[in-house]
Amino acid sequence: MNEFLRVLLESLRDGYVQVSAFVAVTVLAFALVQYRTDGALLGAIEDNERLQVLFGGLLGLTPGCGGAIVVMPLYVRGTVSFGTVVATLGATAGDSAFVILALAPEAAAYAYGVAFVASVATGYLVDSVGLGVARVDAAVATLSPARPDGGTAVAGGVRPNPAHDYGGPAPTHAHESGPDRRSRVLTPLSHGLHLAWWVTALAGLVLGSLYLLRGGPEVDIAVGLGFDGLFTVAGVVGAALSVYLYLVGRHYVGEGEIARARDNFGSVYDTLTHAAMETSFVTVWVLVAFLVYEYAVLLTGINVATVAAAAGALAPIGGAAVGLIPGCGPQILLASVYAEGGLPFSALTANAIAQDGDALFPLLAVDAKAAVVATIYNFLPAVVVGVALHLLWGPVLGMAEFGFGVL
């Protein structure tokens, strides 16, 4: 088979069966909790001031951006502390968490555990002693004019004007597409393909689980009723459906916006639709990441692991720097490279602490100064922890830096 076509089909197949099918289950589980509790979880966070930072870290720790996104409007309303924002954003691994959970679960447990502890500790320090937040806030304020309803520096951190009540749903970002569209052809077609997507996701989950139970064997590109054939067909069809739902279908099934905050859901079907659209978004980025990496290696012959190893302590700093980029796309790419054995564990952990996924966008939209300050506070522990892991993980703890936890 032509090498370029083989890489394309394997990326489509593996990205869907090995990652997306498991993403769908996780996103759906979180959405069902929101549906069943009807937003009670958020009320509990607002009512427990001493535990807000811890709760924020736990919400950030949930895979995807949904848990972290719902915290941002609470800060803008003035009902949670700035330390809670720092802890939530720091613990968030965004949609890249799905990639590592699916392909390197042991590395995910360590990396996100470290990120959670570091972020919650930083959040409590920000709330208790400030850690120079007022100075950082003042420095950021010199870079952009203050908003008339924006934040003000206080001893414990940056808080918005309490009079500014942001009572609506959290703003979205570039993925927002406006009102849902209606079409005699595309609306019923999109709903039908949405249901077909869930059937394929269920098949992919079964096949992906069998793949893991078999120890991750080599699977040939094939079409048929055997394991290889079903694995290939489910993966390619599921990936194609995901691309359609992300690019076209989401505009016609009630989920034209991606990575938005949802306090609750109106029905089980609404919950299923939301989970499918969020998973399709992750799928598209996973496919892009896989293809960029695989074609880069195919065309250049470069060994990314060798380059990262030569970078030494700069590798975790680079991972933290990538985390400064808002959005999940670059983070998914980095996670995919780690899963291919191309980055050290210290860089993965530094990126997990520094990145905010899509959760930063709602805060940027209404209080950019607070968003920038929170990003700075996440970047600093990311560098410190990342470099410390680089120095200790292999030499002292005797654990593999490259390929650790990769199935």
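## A first pair: Glu 10 and Arg 6

Let's begin with Glu 10, which forms a salt bridge with Arg 6; the closest N and O atoms of the pair are 2.7 Å apart. Keep in mind as you look around that this is a predicted model. Both residues sit in helix 1, four residues apart, and that spacing is about one turn of the helix.

How accessible is Glu 10? Its relative accessibility is 23%, so Glu 10 counts as partly exposed.

## Arg 6 has a second partner

Now stay with Arg 6 and look towards Glu 3. These two also form a salt bridge, with 2.4 Å between the closest N and O atoms. Arg 6 and Glu 3 are three residues apart in helix 1, which spans residues 3-37, so about one helical turn separates them.

Are these two residues buried, exposed or partly exposed? Arg 6 is partly exposed, with a relative accessible area of 26%. Glu 3 is partly exposed too, at 35% relative accessibility.

## A pair that is buried

Next, find Asp 14 and Arg 13. They form a salt bridge in which the closest N and O atoms are 2.9 Å apart. Both Asp 14 and Arg 13 are buried, which means that each has under 20% relative accessible area.

## Putting the pairs together

Which residues are joined into one network by salt bridges that share partners? They are Glu 3, Arg 6 and Glu 10. Arg 6 is the shared partner here, since it pairs with Glu 3 and with Glu 10.

And how many salt bridges are there? The count comes to three.

Notes:
Residues are numbered from 1 along each chain as its sequence is written. This is a predicted model: local features need pLDDT of at least 70, side-chain atom pairs count only at pLDDT 80 or more; totals for chains, interfaces and linings use all residues. Side-chain values use heavy atoms; hydrogens and water are left out. A salt bridge is a side-chain nitrogen of Lys or Arg within 4 Å of a carboxyl oxygen of Asp or Glu. Helices (H or I, at least four residues) and strands (E, at least two) are DSSP runs, numbered from the N terminus. Buried means under 20% relative accessible area, exposed over 50%, partly exposed in between (1.4 Å probe, protein chains only).
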